[in-house]
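Visitor: I've got a structure open and would like a quick tour. Could you walk me through it?

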Amino acid sequence: MEQTIQKKLPVGDDSWVTADVYGDPDAPGLVILPGAMSDAHAWRHVATAIGAWPSVTVVNRRGRTPSGPLTGSYSLRAEVEDLGVVLDEFSGTRALFGWSYGGLIALLAADARPLPQVIAYEPVIRPFGRHALPDLKAAHQAADWDATVEIVNRRIAGLGAAHVEALRADRRAWAALRRLSRPAHAELAALNAAPPPHALARRAARVDLIIGRHNHGTAPYGTSFDDVRQLIPRAEVHTLPGQGHMAHLQGPAELGRLLDRLVTTR
């Protein structure tokens, strides 16, 4: 499936989001919402691997080019409202898929409006990453994006020094991470400032939660996943073999096939 159009949608606070559409933009389909340290471009291989929907729309959330700025009043609620604008524009959406922080936003959206199906891959919820907020704030205030990338990868994701140095050695990849890290402090602060929900996705007809096999039962993603799962006892849980949190980069075809199976087995 090839990308056909890109739409620019105004949202609150004089900002905007863009959406990359693959397939027929007028047909019912799937909306994908990436999380932190990611953008729509990073999800293109997943979008093109999906075949069960006639259209796939990948949202580029505010704070990453070519979408607009976060703005001073940015919050988790603003993210949910932005997603509502996208869903109003693509009113034929049959399923909503969110990854990580995007997974939480998707589940909150399905608590605010009826949706046929919501799918979340390793959604995170407070107190995820809260211990790293002071260091992230200092790095953000200094515009030290190298430090921000290191904090996200080492102090939050729990990756080793060798992994971070391998990323740094790839100049193109490191430059992309630096760019994507700029909203990281505001996003993590918004996640932890929001009131803890008592339930999620109550207005979704079907809820599917996905976890990578490598993260099952382990911090930080597996434990945050378990926290989310307790809030949605009716959700069906699926495991993606051979993958961790970055399945969209390391196994896009496998993730695409799993998403296809989730719609074909309804």
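**The sheet and what packs on it**

Guide: Sure, and keep in mind that this is a predicted model. It has an open sheet of 8 strands with mixed pairing, and the strand order is 1-2-4-3-5-6-7-8.

Visitor: Which are the edge strands?

Guide: An edge strand pairs on one side only. That picks out strand 1 (3-10) and strand 8 (236-240).

Visitor: By how many degrees are neighbouring strands turned against each other on average?

Guide: Direction is ignored for this one. With that, the average for neighbouring strands of this sheet is 20 degrees.

Visitor: In strand 4, what is the bridge partner of G29?

Guide: Strand 3 (residues 29-33) and strand 4 (residues 55-60) run parallel, joined by 4 bridges. For G29, the partner in strand 4 is S55.

Visitor: At about how many degrees to strand 5 does helix 3 run?

Guide: Helix 3 (residues 101-112) lies across strand 3, strand 5, strand 6 (118-121) and strand 7 (207-212). Relative to strand 5, helix 3 runs at about 140 degrees.

Visitor: Is T93 buried or exposed?

Guide: T93 lies in strand 5 and touches G29, V31, L87 and P116, leaving aside residues up to four places away in sequence. Its relative accessible area is 10%. The cut-off for buried is under 20%, so T93 counts as buried.

Visitor: Which residue's backbone oxygen does the T93 side chain reach?

Guide: The distance here is 2.6 Å, and a polar contact needs N or O atoms within 3.5 Å. The backbone oxygen that the T93 side chain reaches belongs to F90.

Technical notes:
Residues are numbered from 1 along each chain as its sequence is written. This is a predicted model: local features need pLDDT of at least 70, side-chain atom pairs count only at pLDDT 80 or more; totals for chains, interfaces and linings use all residues. Side-chain values use heavy atoms; hydrogens and water are left out. Two strands pair if DSSP finds at least two bridges between them. Helices (H or I, at least four residues) and strands (E, at least two) are DSSP runs, numbered from the N terminus. Axes are lines fitted to C-alpha atoms, for helices over the stretch in contact, and angles run from 0 to 180 degrees between N-to-C directions. Contact means heavy atoms within 4.5 Å. Buried means under 20% relative accessible area, exposed over 50%, partly exposed in between (1.4 Å probe, protein chains only). A polar contact is a pair of N or O atoms within 3.5 Å; within protein, one must be able to donate a hydrogen and the other to accept it, and residues adjacent in sequence count only if both atoms are side-chain atoms.
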